[in-house]
Amino acid sequence: MPTSLDIEKQRFAFGDQWLVAFKYDDTDFHQKEAIKLQGRIDDIPHSTKAVDVIGLHRVSGLLFLEAKDFRGHRIANKPRVEGEVSVEVAIKTRDTVAALVGAARKPVTEFRSGELTAALERGKNVAVVLWLEDDTFRDVDRAKQKLSALNGVLKSKLSWLNVQTFVLTSAVPNRLNDLTVTNLPGAGQPHP
Amino acid sequence: MNSKNTSEPGGAAILKSASIKKFSLFSNETLEFSSGLNVFIGKNGCGKSHLIKLLYTLVKECGNAPGNGSALEAEKLENRLASKLAGVFRPEGDRIGRLVQRKTGRGSAEVSATFSNGKKCGFTLSTLDKISGSKGNVGTLNEAAFLPSREVLALFEGFIAAYKKRELSFDETYYDLCVALSANQLRGRREEMLDELVRPLETEIRGKVSLEGGRFYVTGSDGSIEAHLLSEGWRKLASLAQLIINGTLTRNGFLFWDEPEANLNPRMVVQLSETLLRLAKQGIQIFVVSHDYLLTTRLSLASEYPDAIPEDQRCPVKFFGLVRRGSDEKGVSVSSGSKLADLQDNPILAEYAALYDYEGGLFEKTQSRN
């Protein structure tokens with residue numbers, strides 16, 4: 001069913017080919033259950049991470065989507081654009097996959113956990129997409145080079161999961177079926 | 001930096017600009033060079049190697065060698081240029097007129113270089129191989145080294161003698177490089193600046209370079225290893241170290257390097273980019289042809305963030321993008337700027353963008369089936 005999800009300053013409109021599309025990190029299961037896994041190791045705090053969106057498309061299969069909008073605060077996020085952001089998405093994906101398995105083993109009703117874990121089975125498409133906006137992406141060729149490099153890192157970090165990964169931005173053709181991304185008012189403006 | 005510098009009060013001149021008309025693929029281009037690092041990019045067949053060979057010929061023949069005063073004035077510049085062009089470009093039958101831009105009928109090329117002391121040197125070359133050189137003397141020019149894309153350390157043994165006997169079909173840049181490599185290393189304690197340039201290279205190749213009995217060796221904690229047994233990438237860096245240690249590369253000297261990245265792994269390319277910047281910082285004027293994304297981007301970042309990079313790597317950098325132009329694509333046009341992004345056409349970046357598009361297309365196909 002068509003679903004619109006607002007993340008930061010962008011609207012992700014999933015069309016009717018999407019069986020499921022929801023903001024996973026806003027779910028009670030993540031906020032109240034999965035997040036309980038946290039603690040300190042060697043005095044470094046660790047906690048459960050989560051991707052922004054989980055989607056299930058009739059044809060394309062399962063999607064884990066993370067949206068990052070660095071426009072307007074480029075300097076603070078510069079190191080993340082240069083590779084760290086891909087590692088962050090990979091870790092969020094790892095934790096979300098683990099959490100889905102946990103959800104399927106519990107009486108969770110707020111999302112179709114059994115259907116989602118079934119979509120993770122071998123032979124089925126699973127895509128992990130980082131949707132990234134950055135002030136430096138105005139030059140499309142340079143943007144593509146950076147996106148390609150970021151996808152190289154993402155692909156490498158998730159090779160264990162046997163998924164397709166890709167990094168997209170609004171300046172390049174959208175490769176996802178039946179999904180429209182638009183800017184909300186204030187998108188790209190410096191944050192106060 | 002070494003004894004050659006101190007013997008030249010006022011310093012030798014470096015290359016400021018070049019005007020090239022109807023030579024090779026260049027119809028009419030005037031290029032203003034950086035005193036530091038000059039990087040040439042473009043697709044294959046755009047004339048990049050021809051360009052740096054031409055510049056090498058000019059700086060090699062237009063000036064007096066350091067300390068020689070006007071000893072070479074008596075020798076005709078035309079003869080020197082003609083011989084060098086024939087040796088460096090190796091046209092069929094030494095017919096240097098073949099270097100004139102190909103068009104129907106006769107024509108002539110005009111090439112002129114302007115040096116930092118304001119003096120000029122150049123030549124006019126006809127399709128009938130007739131060359132005439134400009135009058136006057138540009139004064140002292142320091143050594144110029146040309147590193148071809150193939151490394152020569154493994155070829156070195158016996159190369160000079162065989163080349164002189166015309167037993168080899170290599171162009172003259174290989175011979176010149178072997179001669180330069182054969183120079184004795186500077187004696188005594190290495191100057192601090194020299195040491196700073198060479199030490200990272202020696203760390204990378206895990207030893208010090210030496211020439212013994214006509215063969216190069218790298219001697220480190222594992223003992224002496226002959227150059228032949230080293231990887232080609234290491235041999236390249238060893239060649240560069242030798243040229244620094246023996247004083248070939250000196251302040252106001254010239255380094256021309258055709259595709260230095262060939263056979264280097266990415267980590268060595270990073271090392272190379274830092275070494276090039278340090279050499280340029282020490283006053284060596286460098287001309288590099290590259291197809292490598294990592295190398296060119298690292299050099300561009302040095303230009304984009306001059307205050308953020310280490311002090312010993314801060315030097316002027318200029319990029320030149322060569323593009324085939326016209327419906328027949330028989331000529332090239334050149335754009336330039338201090339950053340890669342300044343170039344009108346960047347084929348390296350374009351290929352990366354195309355790679356992204358290609359992968360995007362493949363990803364999209366997987367989204368259409370399950």
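Biologist: At what angle do helix α2 and helix α3 of chain B pack?

Modeller: Keep in mind that we're looking at a predicted model. Helix α2 covers residues 48-61 and helix α3 covers residues 77-89, both in chain B. Their axes sit 10 Å apart, and the packing angle is about 145°.

Biologist: Is the crossing of α2(B) and α3(B) left-handed or right-handed, and which residues of α2(B) make the contact?

Modeller: The crossing of these two helices is right-handed. On the α3(B) side, the contact uses B:L77, B:R80, B:L81, B:K84, B:L85, B:V88 and B:F89. Sorted by class, the contact residues of both helices divide into 6 nonpolar, 1 polar and 5 charged. The ones you asked for, from α2(B), are B:K53, B:Y56, B:T57, B:K60 and B:E61.

Biologist: Okay, on to the sheet. Which strands of chain B stand at its edges?

Modeller: Chain B has an open sheet of 5 strands, in the order β2-β1-β4-β5-β6, with antiparallel pairing. Neighbouring strands in it are turned by 10° against each other on average, ignoring direction. An edge strand has a single partner, so one of its sides is left without a neighbour in the sheet. That describes β2 (26-32) and β6 (131-133).

Biologist: Which residue of β4(B) is the bridge partner of B:I20?

Modeller: Strand β1 of chain B runs over residues 15-23, and B:I20 has its partner in β4(B). Strand β4 spans residues 108-115, and the two pair in the antiparallel sense over 6 bridges. The partner of B:I20 is B:V111.

Biologist: Which strands does α3(B) touch when it packs on the sheet?

Modeller: Let's take the two helices in turn. α2(B) lies across β1, β4 and β5 (120-126) of chain B, at about 120° to β1(B). α3(B) makes about 125° with the direction of β6(B), and the strands it touches are β5 and β6.

Biologist: How far does helix α8 of chain B reach from its first C-alpha to its last?

Modeller: This helix has 16 residues, 266-281. Its buried residues include B:M268, B:L272 and B:R278, and it is followed by B:G283, whose phi is positive, near 95°. At 1.5 Å a residue you'd expect 22 Å, and the helix comes close to that, at 23 Å.

Biologist: Last one: how many residues of chain A are in contact with chain B?

Modeller: Chain B brings 17 residues to this contact. By class, that side has 8 nonpolar, 5 polar and 4 charged residues. On the chain A side, the count is 19.

Terms used:
Residues are numbered from 1 along each chain as its sequence is written. Chains are lettered from A and ligands numbered from 1 in the order in which they are written. This is a predicted model: local features need pLDDT of at least 70, side-chain atom pairs count only at pLDDT 80 or more; totals for chains, interfaces and linings use all residues. Axes are lines fitted to C-alpha atoms, for helices over the stretch in contact, and angles run from 0 to 180 degrees between N-to-C directions. Helices (H or I, at least four residues) and strands (E, at least two) are DSSP runs, numbered from the N terminus. A crossing is left-handed if the near helix is turned anticlockwise from the far one by less than a right angle, and right-handed if clockwise. Two residues are in contact if their C-beta atoms, placed from the backbone, lie within 7 Å. Ala, Val, Leu, Ile, Met, Phe, Trp, Tyr, Cys and Pro count as nonpolar, Asp, Glu, Lys and Arg as charged, and the others, Gly among them, as polar. The expected span of a helix is 1.5 Å times one less than its number of residues. A residue is buried if 20 or more other C-beta atoms lie within 10 Å of its own, exposed if 12 or fewer, and partly exposed in between; C-beta atoms are placed from the backbone. Two strands pair if DSSP finds at least two bridges between them.
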